[in-house]
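Colleague: Please give a close account of the nonpolar interior of this model, and of the helices and loops that belong with that account. I would like the criteria behind each term stated as it comes up.

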Amino acid sequence: MIAVLLNKPRAKDHGRDNERSDRMRTPQQTLDEILDLASKHFKVARHALEPDDDFFDKLKIDSLQALELLSRLEHHFGVEIPDYEMQGVSDFRTLAARVQERL
Amino acid sequence: MKEYIGQALAWRQVDGAVELELRRLPCNEIGSTTLAELELLVAALETVRDSSHALIIYSSVPAGFCAGADLRELYAGMQEVPSSAERTAGVRRFLERIHAVLNAIDMWPRPTIAAVHGVCFGGGLELALACDLIVADRLARFCLPELRLGIVPGFGGIPRLKRDVGNALVRDLLFTGRSLNAVRAHALGLVSQLAGEGAALQLARSTARQIGKYDRDTTAAAKEFIKPLPREELQREIDLFCRLLARPAVEASLRKFVTSTEVQPYLP
């Protein structure tokens, strides 16, 4: 019985929330997805967000909440982005470039 | 167990498990108030050893589990004491007290569970590492950022992370100062179970209920067998922390950090 249980197919790995076309995204697609994600999770109208906006200002977040944004990006794109690469980054366009480098 | 509601902590017994709530804004920074209340908790735990089957530690603060040691209090304390030797002695006394508390939690014979959401940094991760299991919200993040300020973790984080996960992860987190997301921490074995957003405490409670079904003495014997306290390394960590803290460059880094008004506080 134990062997049967151990041999069950492994559950799908949910480590990546969004596997689709990770390696095929253009920089513009990455940027658009980040803006969509920020709009959805931080309750700011999508049309109010522009690529060069300061996301701390536009999303009204502090450095701790920015870590939540980082986690959401990592899960969405299936990448890891070290905090030190985010140091000094405050606009969506640069954020998207950092993500794109890891795709 | 009598319910306790303090400034930084609260605890109560729920369905046979002791629940420790971290409740100090902004993000449960560990300073002298938290330490004094943790010492009260440890005394209280001894009185319920036979009537509890688990300890759950969670935070009711939205920002996260714990952002680490209270560096503002540390820096202010350093400014009040002009003598380097006296400063070091004061820090050492604090560290020895926090080590005694975390060692007691580490070795408490009942299983202990940290229910983590949001930020679990520095001393916060060291508190979580004193627990037997870490269950984490998918958005939680784990970090040992101390080297970015010129010090090492001082609450026992290095020996415990080495004991529980491994030396390679200790080096990665220490040398880069980066934070790990919960999914990655789960893959590495630091986190035992992942919870959905906002569900870490619920998951910890269901885990505690399962633990409560087993014979307590057997569980205690298993814990004693598998979880040795790395006493010698813990002591050496205190020595190293005190030695590094005494350098002028560390005081300068702390000053930059605690006086920063930027949205992203100073971190090299």
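Modeller: The conventions come first, followed by the interior, the helices and then individual loop positions.

This is a predicted model, in which local features need pLDDT of at least 70 and side-chain atom pairs count only at pLDDT 80 or more, while totals for chains, interfaces and linings use all residues. Residues are numbered from 1 along each chain as its sequence is written, chains are lettered from A and ligands numbered from 1 in the order in which they are written, and side-chain values use heavy atoms, with hydrogens and water left out.

In soluble globular proteins, nonpolar side chains tend to be buried together. The largest nonpolar core here has 68 residues. A nonpolar core is a set of buried Ala, Val, Leu, Ile, Met, Phe, Trp, Tyr and Cys residues joined through side-chain atoms within 4.5 Å; buried means under 20% relative accessible area, exposed over 50%, and partly exposed in between, with a 1.4 Å probe and protein chains only. The residues with the most contacts inside this core are Leu20(B), Phe65(B), Leu95(B), Val116(B), Phe142(B), Leu245(B) and Leu254(B). Helix H3 of chain B, residues 84-107, supplies the largest share of the core, seven residues. Helices (H or I, at least four residues) and strands (E, at least two) are DSSP runs, numbered from the N terminus.

Leu245(B) shows how such a residue is surrounded. Residues up to four places away in sequence not being counted, Leu245(B) touches Leu74(B), Met78(B), Val91(B), Ile151(B), Val250(B) and Leu254(B), where contact means heavy atoms within 4.5 Å. Another core, of 30 residues, lies apart from the largest one, and includes Leu59(A), Ala66(A), Ile81(A) and Val119(B).

Ala66(A) also leads to helix H4 of chain A, since it is one of the buried residues of H4(A). This helix, residues 63-77, has 15 residues and reaches 21 Å from its first C-alpha to its last, close to the 21 Å expected at 1.5 Å a residue; the expected span is 1.5 Å times one less than the number of residues. Eleven of the 15 residues of H4(A) are buried, so the helix is largely enclosed by the rest of the structure. The buried set includes charged-group names as well as aliphatic ones, among them Leu67(A), Leu70(A), Arg72(A), Glu74(A) and Phe77(A); Asp, Glu, Lys and Arg count as charged, Ala, Val, Leu, Ile, Met, Phe, Trp, Tyr, Cys and Pro as nonpolar, and the others, Gly among them, as polar. Chain A as a whole has six helices and zero strands, and 41% of its 103 residues count as buried. Among its contacts between residues at least 6 apart in sequence, 56% join residues at least 24 apart.

In chain B, helix H5 (residues 157-164) and helix H6 (residues 167-176) pack at an angle of about 140°, with their axes 7 Å apart. Axes are lines fitted to C-alpha atoms, for helices over the stretch in contact, and angles run from 0 to 180 degrees between N-to-C directions. That angle makes H5(B) oblique to H6(B), as angles under 35 degrees count as roughly parallel, over 145 as roughly antiparallel, 65 to 115 as roughly perpendicular and the rest as oblique. H5(B) contributes Ile158(B), Leu161(B) and Lys162(B) to the contact, and H6(B) contributes Asn167(B), Leu169(B), Val170(B), Leu173(B) and Leu174(B). By class, six of these residues are nonpolar, one is polar and one is charged.

Leu174(B) appears again beside the loop between strand S9 (141-143) and H5 of chain B, where Leu147(B) is found. Leaving aside neighbours within four places in sequence, Leu147(B) is in contact with Val152(B), Leu174(B) and Phe175(B). Leu147(B) is partly exposed, with a relative accessible area of 34%. Its C-alpha lies 6.6 Å from that of Gly177(B), 30 residues away in sequence.

Val119(B), named above in the core of 30 residues, is one of the residues touched by Ala67(B), together with Cys27(B), Glu29(B) and Phe121(B). Ala67(B) sits in the loop between strand S5 (64-66) and helix H2 (71-80) of chain B, and counts as partly exposed at 27% relative accessibility.
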